[in-house]
Amino acid sequence: MNFLDAEVEVQGDSASLKIAGQSIELPPAKAKKLIDGGYAGKTVTFGIRPEDVDDSEMVVNTSKAVFESTINVYELLGAEVYLYFDLAEFPITARVDSRTTARPGDKVKFAFDVEKIHIFDKETEQTITN
């Protein structure tokens, strides 16, 4: 799983995570757990599995959680490819379709599946929501 630090931002009954200068609006159930837990303004650990990070144009164009980064490593594993890149100072791995055109040195847009985000308490490492 990829892990990053994220700051919780709350406005009314909605919450978002600020990561690498961008905000990811959370689904209502995940937002409620952060709000009810008193995490507004706090730093939490954001987790997302490599298979929930996508570089396909269709997903990137419809997602609310899109980031751009430069590919460091391309690893072909038959039917899938692992792409390694950094988001802020955090190393990220994406498991994408083998037909990807991304190669080392390319700037690529990635989308996180917001329904698959895991959030952990940074101090206790306990799961807040998954």
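Helices (H or I, at least four residues) and strands (E, at least two) are DSSP runs, numbered from the N terminus. The model on display is predicted: local features need pLDDT of at least 70, side-chain atom pairs count only at pLDDT 80 or more, and totals for chains, interfaces and linings use all residues. Residues are numbered from 1 along each chain as its sequence is written, and side-chain values use heavy atoms, with hydrogens and water left out.

**The whole chain**

Begin by displaying the entire chain as a cartoon. Its secondary structure comprises 2 helices and 11 strands. The radius of gyration (taken over C-alpha atoms) is 15 Å, close to the 14 Å given for 130 residues by the globule rule, so the chain is as compact as a globular protein of that length. That rule is 2.2 Å times the number of residues to the power 0.38. Followed along the sequence, the elements appear in the pattern β-β-β-α-β-β-α-β-β-β-β-β-β. The C-alpha trace spans about 45 × 30 × 25 Å along its principal axes.

Next, switch to a surface view. The chain exposes about 7,200 Å², of which carbon and sulfur atoms supply 46%; such areas come from the Shrake-Rupley method with a 1.4 Å probe. Of the 130 residues, 41% count as buried. Buried means under 20% relative accessible area, exposed over 50%, and partly exposed in between (1.4 Å probe, protein chains only).

Colouring by charge shows 14 positive and 23 negative side chains, and the centres of the two sets lie 3 Å apart. Here Lys and Arg count as positive and Asp and Glu as negative, while His and the chain ends are not counted. The place of a charge is taken as NZ of Lys, CZ of Arg, CG of Asp or CD of Glu.

**Strand β4 and its partners**

Select residues 43-48, which form strand β4. In this strand 5 of the 6 residues are buried, so β4 is largely enclosed by the rest of the structure. Two strands pair if DSSP finds at least two bridges between them. Strand β1 (residues 2-11) pairs with β4 in the antiparallel sense over 6 bridges, and D5 stands opposite T45 of β4. Adding residues 118-121 brings in strand β10, which runs antiparallel to β4 and is joined to it by 4 bridges. In this pairing, F46 stands opposite I119.

**The open sheet**

Now select strands β5 to β9. An open sheet of 5 strands has the order β5-β9-β6-β7-β8, with antiparallel pairing. Strands β5 (53-54) and β8 (90-97) stand at the edges with a single partner strand each, so one side of each is left without a neighbour in the sheet. At the β5 edge, 2 bridges join this strand to the antiparallel β9 (residues 107-112), and D54 stands opposite A111.

**Two residues to inspect**

Select T93, which lies in strand β8. Is T93 buried or exposed? At 16% relative accessibility, T93 counts as buried. Leaving aside neighbours within four places in sequence, T93 is in contact (heavy atoms within 4.5 Å) with N2, P50, V53, Y82, L83 and Y84.

Finally, move to V73 in strand β6 (residues 66-77). With 40% relative accessibility, V73 counts as partly exposed. Residues touched by V73, not counting those up to four places away in sequence, are Y82, L83, Y84 and P104. To end the tour, draw a distance from V73 to S14: their C-alpha atoms are separated by 36 Å, and the two residues are 59 apart along the chain.
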